[in-house]
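Dear colleague,

I am passing on the structure below, together with some notes that may help you find your way around it. Please look through it first and then read on.

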Amino acid sequence: MHDAPANGQQGASAPAASQKHTHLWREALTTASAGLADLDSKRTCGRLTRAAGLVLEAVGLRLPVGSDCLIELPSGQHGHGGPRTAEAEVVGFGADRLYLMPQSDVVGLVPGARVYPLEPSPLPAGVAQPREPGSKRLPVGEGLLGRVLDAAGRPLDGLGPITAASEVPLAGTQINPLTRAPIDTVLDTGVRAINSMLTVGRGQRMGLFAGSGVGKSVLLGMMARYTNAEVIVVGLIGERGREVKEFIENILGEEGRKRSVVVAAPADTSPLLRMQGAAYATRLAEYFRDQGRHVLLIMDSLTRYAMAQREIALAIGEPPATKGYPPSVFAKLPTLVERTGNGPEGGGSITAFYTVLTEGDDQQDPIADSARAILDGHIVLSRSLAEAGHYPAIDVEASISRAMTALIDAPQFASVRRFKQLMSRYQRNRDLISVGAYVPGSDPEVDLAIRMHSRMEAFLQQDIPERADYASSVAHLHQLFERMQHV
């Protein structure tokens, strides 16, 4: 009699208990979801597990190659107070590990240091942002003319912050090769030997091949001052820090600096910044070209850019292929060079001069050989000419401008060919002439080459303050051969 109400009471309470459990589960799920949402809003971080040479290894992050990170440094590093950070870039990955390369020397790193993705969201309390967060959008604009910048777009000249500038992505856009304007306009470089014997066209890409100490920087400075270009962009990549100031003050000069932007990434900067400096200089040239301007890009040197890529590639384990250079080096060179040249019809242009260091004056150096294949010509500087006091020390026999035949007329081409023939004939018999073994009258061509040699050498030489425009250079060349008939 008394059991029925009890059983009925139990049956009535069962749905209530079930509802209570459901309610508890819902509360737990809501709390978990809120926690997950809160975790998503927080800054994730990884940990350093290895530091070997130039490369750091981190776990706990999934980032694409090329991303920027911040590495937390112990207190007292790069300043005082709380934890500080150093910027690094993801240069590769393997399994669950990221390979990072810092953009500056990092002293005092400890195992397990936290690594944060460089994002606009705020970092945890106590971790300071770097002065210039982000490295893939850099300043461009008219306000950069006359300024000297580092590879991250920060001013080095002490002239205050940059004005009248906007930020653009470091990577430029590719141009359809069929839409590029042809190279059909002569560019006046102000150097007699180049104007007359190695005529350069607007939008051409030339290599300046030289060993160390043969006057390539002086020749670059002459072209920077005298070339008929609206804007000059100079990239000093991997050079000695002392040479940066000398180039700007003594070689480029005040006149050249007014219409120039200089990007300096000296040898003591990280390989990442050296590569970024070359890309930044190219991006600046692209910006001014897109504005319809005619730009002269001078990069000293393309070899240092290749060496920086070699350092990075070898550090992350890429195998060497040719004389210690990994395959990625030879893939990066055309990617950089092909960004220059003429734009679409009716637009601006980038005429580029890249210096290429030939180790031990070896013209078959792998970087020199690769550069010759992708450039529109090469100017070779001779050490023997430089040692003889012949400046600029241009070896016209070993040099060539591939666009020259489309730029000059038939009389100039005939004079250039005749000049090279006589110069070559003299060089082949130089030893016999020097020791007196050559008998005058044996070969009329050699006799003429001997009589004309001093005049041809004088024609190729030029003082630094002297400017030789294109018209006067060609006229001087024609006069040289007109006088030859009376020699």
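In this predicted model, strand β2, formed by residues 55-59, pairs in the antiparallel sense with strand β5, formed by residues 97-102, and 4 bridges link the two. Within this pair, Val 59 stands opposite Arg 97 of β5. Both strands belong to a closed barrel of 6 strands, which runs in the order β1-β2-β5-β4-β3-β6 with antiparallel pairing, and the twist from one strand to the next averages 45°.

Elsewhere in the chain, the loop between α7 (327-337) and β16 (341-342) contains Thr 340. With a relative accessible area of 0%, Thr 340 counts as buried, because that value is under 20%. The side chain of Thr 340 reaches the backbone oxygen of Val 337 at 2.7 Å, and, leaving aside residues up to four places away in sequence, Thr 340 touches Arg 180, Arg 205, Thr 282, Arg 289, Leu 297, Ile 350, Ala 352 and Tyr 354.

The last item concerns two helices. The axes of α10 (residues 410-428) and α12 (residues 444-460) come within 8 Å and cross at roughly 110°, an angle that falls in the range of 65 to 115 degrees, and α10 and α12 are therefore roughly perpendicular to each other. Their crossing is left-handed. Among the residues that meet there are Phe 419, Leu 422 and Tyr 426 in α10, and Val 446, Ile 450 and Phe 459 in α12.

With best wishes

Methods: Residues are numbered from 1 along each chain as its sequence is written. This is a predicted model: local features need pLDDT of at least 70, side-chain atom pairs count only at pLDDT 80 or more; totals for chains, interfaces and linings use all residues. Side-chain values use heavy atoms; hydrogens and water are left out. Two strands pair if DSSP finds at least two bridges between them. Helices (H or I, at least four residues) and strands (E, at least two) are DSSP runs, numbered from the N terminus. Axes are lines fitted to C-alpha atoms, for helices over the stretch in contact, and angles run from 0 to 180 degrees between N-to-C directions. Buried means under 20% relative accessible area, exposed over 50%, partly exposed in between (1.4 Å probe, protein chains only). A polar contact is a pair of N or O atoms within 3.5 Å; within protein, one must be able to donate a hydrogen and the other to accept it, and residues adjacent in sequence count only if both atoms are side-chain atoms. Contact means heavy atoms within 4.5 Å. Angles under 35 degrees count as roughly parallel, over 145 as roughly antiparallel, 65 to 115 as roughly perpendicular and the rest as oblique. A crossing is left-handed if the near helix is turned anticlockwise from the far one by less than a right angle, and right-handed if clockwise.
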